[in-house]
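Visitor: I would like to go through this model with you, one point at a time. Please give the reasoning before each answer.

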Amino acid sequence: MDDPIVHRRLTAILAADVVTYSRLMARDEAGTLATWKSHRKELIDPKIAEYEGRIVKLTGDGFLAEFPSVVNAVTCAATVQRGMRDRNAGVPQPSRIELRMGINLGDVIVEGDDIFGDGVNVAVRLETIAAPCGIAVSAAVRDNVGNRLDLRFEDMGEQMLKNIDRPVRAYSVSLDFPPAPRNVGTDAGTPESWEIEKPSIAVLPFNNISGDPEQEYFSDGITEDIITDLSKISGLFVVARNTVYTYKGKPVKVQQVSQDLRVGYILEGSVRKAGSRVRVTAQLVDGKGGGHLWADRYDRDLTDIFALQDEITHTIVDHLKVKLLPEEKKVIGRVPTGNFEAYAYYLRGRQFLHWHSKPHYVLAKRMFAMAVELDPLYARAYAGIADCDSFLFLHYNADVSIDAILATSAKALQLESGLAEAHASLGLALSLRQRHSEALTEFDQAIVLDPNLFEAYYFYARACFTQGNLDEAARLFQRAAEIKPDDYQALLVLVNVLRSLGREPEMKLAAREGVARAARELTLRPENPRPAYLGAVGLAALGELDRAREWARRALAIDPGDRLAKYNVACFYSLEGEHGSAIDLLLELLPGATHETKRWVKYDSDLDPIRSHPGFPKVLELLG
């Protein structure tokens, strides 16, 4: 008997899912269902039909659709996401229904009205790595769309997707561009490339040419503040700080940077600070041709530094012909402090905070405290104090009051309500107080205000993990690691989350990259035990046990009293087979452990090998 014919076709598949649907339902089941039905009836279903797509199936909190045209699929997704953004305007963040979308172009098996196969699976998995309100697409989609749409595709690199046996090149779609005209029924676009209307720029770290390495914090501070100001302009796409700082101290070719970051313009410059004077040079370069569009030199008193930054920002805006909205003019022109000495302390604190080690957190907090002493209305300095306390508590079990973090974050928000860092720290403190729904609201708000804020994703991921929401924790840790290319922490904590989820290939990739980053951090800051004890667990996941033992011993030698060092070395002993030693360390550290550490023990897959050990019931007794 002949095998039945399997019907196949090449199609564009769009998978969509509501972000944090379970939380929304728990808050207001009837209201969430009614709002979701309204979004579908008034926006989603009509747009899918308009772009000649069809809904294949509904999943309760999402849907699967297919399109005969990949251009139509991407345009429809972008139009729906923009429409959802408009419909959510004015809706409190905790009540918003927001979508993640994934799009793939692939071969599918057709059975009646349903479709199956690898092409569908990839689309569904791409949706899980998309940002909230975002779209992730495969390389096949990116290549077929080409320059036909007025959209920007940002390379997310090779992704190991769950149950997909090969790496998939993924791209995120930037939605900060006007929607393209429909190209219904065909993928045949116009022969010429579409011009992207929204200018894009990368601000390279300004060089410190003062001759004093101690002044590095000042040139970095000016760079970061220019990036911050430019990022507030809706008519401009600006590369995030953490990305451009991967070029710091390296010889670069502007045209290559432009190509790597996919931006049209590069701003570079230098800073010389001497006494009470500062000289800043800046030049705006055309990324494609390499020619200078504008260059200038500023000699000013240090007290004029904010006016200088404002002048540079406005000059860039003028040259790129970007229209500033009235509110953007106010925000950019707002001076964070009238006290230059307070600003200098704040910049120094921010530099120390970026180095992420216990001594530097302590130094950073001291600098921020000095800034507050000089200017009690300096919101960002209060947020800096809250961040330092948060990291000291999380990473080093420091004797820090959660109530103090709550109060400091609230003070920062009272002074500047749109401060993303303060929302993130407030979210962490609320999660540690087990006020989980309030915490998630703060994390969501921090990400809305600053989609590139590492702390927001990192704290959010930890909160999800301690609640047992491992899929969301994995996604957030991955996003944190992407945002901060030199951070080892998110990747190495991600290792045990991926192990718990059974995502072995992804776990290996995370471990390999995390260990490489940790090794660089140990070279730069050998006094920091954190990369050593997290790296030991990563090395164990890779099977490099001898090197892992060396790093574990090193972590305990650097700081024998560090409870997190003991915890992570216990995890390594558990994985390695030294179960008695692992139990001993846990019994030693748990009596003084925080509630969060005890919750971590509950879900940490690194400890699975010792859960059947005769000594583990004693560990359970200490968990309370």
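**Helix packing, cores and cysteines**

Guide: This is a predicted model. A starting point is α16, whose buried residues pack against α1 (21-27), α14, α15 and α17.

Visitor: Which residues of α16 are buried?
Guide: Buried here means under 20% relative accessible area. In α16 the residues that meet this are Ala439, Leu440, Thr441, Glu442, Phe443, Asp444, Ala446 and Ile447.

Visitor: What span should the 14 residues of α16 have at 1.5 Å a residue?
Guide: The expected span is 1.5 Å times one less than the number of residues. The end C-alpha atoms of α16 are 20 Å apart, which agrees with the expected 20 Å.

Visitor: How many of the 13 residues of α15 are buried?
Guide: Helix α15 covers residues 420-432 and reaches 19 Å from its first C-alpha to its last, close to the 18 Å expected. Its buried residues include Ala420, His423, Leu426 and Leu432. The helix is largely enclosed by the rest of the structure, because the buried residues number 12 of the 13.

Visitor: What covers the buried residues of α15?
Guide: Contact is counted for heavy atoms within 4.5 Å. The cover includes α13 (379-396), α14 (402-415), α16 (436-449), α17 (454-466) and α25 (595-603).

Visitor: Which residue just after α15 takes a positive phi?
Guide: Helix α15 ends at residue 432. Just after α15, a positive phi of about 65° is taken by Gln434.

Visitor: Which residues touch the most other members of the largest nonpolar core?
Guide: This core has 161 residues, and the two that touch the most other members are Phe218 and Leu267. The element that gives the most to this core, with 12 residues, is α13. Apart from it lies another core, of 39 residues, among them Leu14, Val18, Phe67 and Leu151. For the largest core, then, the residues asked for are Phe218 and Leu267.

Visitor: With what is Phe218 in contact, leaving aside its neighbours within four places in sequence?
Guide: The count leaves out those sequence neighbours. The remaining contacts of Phe218 are Val271, Lys273, Val278, Leu302, Ile305, Phe340 and Leu347.

Visitor: How many disulfides does the structure hold?
Guide: A disulfide needs two cysteine sulfur atoms within 2.5 Å. The closest cysteine sulfur to that of Cys133 is in Cys464, 16 Å away, so the two are too far apart for a bond. Cys133 is partly exposed at 33% relative accessibility, whereas Cys464 is buried at 5%. The number of disulfides is 0.

Key:
Residues numbered from 1 in each chain as written. Predicted model: local features only at pLDDT ≥ 70, side-chain atom pairs only at ≥ 80, totals over all residues. Heavy atoms only, no water. Buried < 20%, exposed > 50% of the residue type's maximum accessible area, 1.4 Å probe, protein only. Helix = DSSP H or I, 4+ residues; strand = E, 2+ residues; numbered from the N terminus. Core = buried A, V, L, I, M, F, W, Y, C linked by side-chain atoms within 4.5 Å.
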